[in-house]
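Subject: Handing over the structure

Hi,

Here is the structure I promised to pass on. Have a look at it first, then read my notes underneath.

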Amino acid sequence: MYIAMNRFKVLPGAEAEFETLWLNRDSKLRDVPGFVEFHMLRGPERDGYTLYSSHTIWRNLATFEAWTRSEAFRAAHGSAGGTRPLYVGHPEFEGFEVIQTIGAA
């Protein structure tokens, strides 16, 4: 399994607009080979921003990388940055290969 995360530092007062953009987007992830699950996470309020993170689970690194080279990826990210500034800086990407999973009993 592979987990891809992007951290967003959302400006104070822009949280509702940021969440609305994510909740109303036309995601095509369900149709992408190797996609397992997506979560948008709201984290703590910090000095000057609220932390959010997108958390996407993929079957493996190869399926994630194939998606990043696909037309579906380009379509999903084509309007990025097209709104008024909602966050501080650029999203910060982090990728993780899963080395252990423990499920519920």
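Below is what I found in it.

Some ground rules: this is a predicted model, where local features need pLDDT of at least 70 and side-chain atom pairs count only at pLDDT 80 or more, while totals for chains, interfaces and linings use all residues. Residues are numbered from 1 along each chain as its sequence is written, and side-chain values use heavy atoms, with hydrogens and water left out.

Let's start with the largest nonpolar core (buried Ala, Val, Leu, Ile, Met, Phe, Trp, Tyr and Cys residues joined through side-chain atoms within 4.5 Å). Its eight residues are Tyr2, Ala4, Leu29, Val32, Phe35, Trp58, Phe64 and Trp67. At least two of them come from strand E1 (2-10), and at least two from helix H2 (61-68); helices (H or I, at least four residues) and strands (E, at least two) are DSSP runs, numbered from the N terminus.

There's also a second, separate core of six residues, including Phe8, Val10, Ala14 and Phe18. Ala14 sits in the loop between E1 and helix H1 (15-23). With a relative accessible area of 1%, Ala14 is buried (under 20%; exposed is over 50%, partly exposed in between, with a 1.4 Å probe and protein chains only). Its C-alpha atom is 5.7 Å from that of Leu86, although the two residues are 72 apart along the chain.

Then take a look at Ser54, in strand E3 (residues 49-58). Ser54 is buried too, at 5% relative accessible area. Not counting neighbours within four places in sequence, its contacts (heavy atoms within 4.5 Å) include Ala4, Phe8, Trp22 and His39.

Cheers
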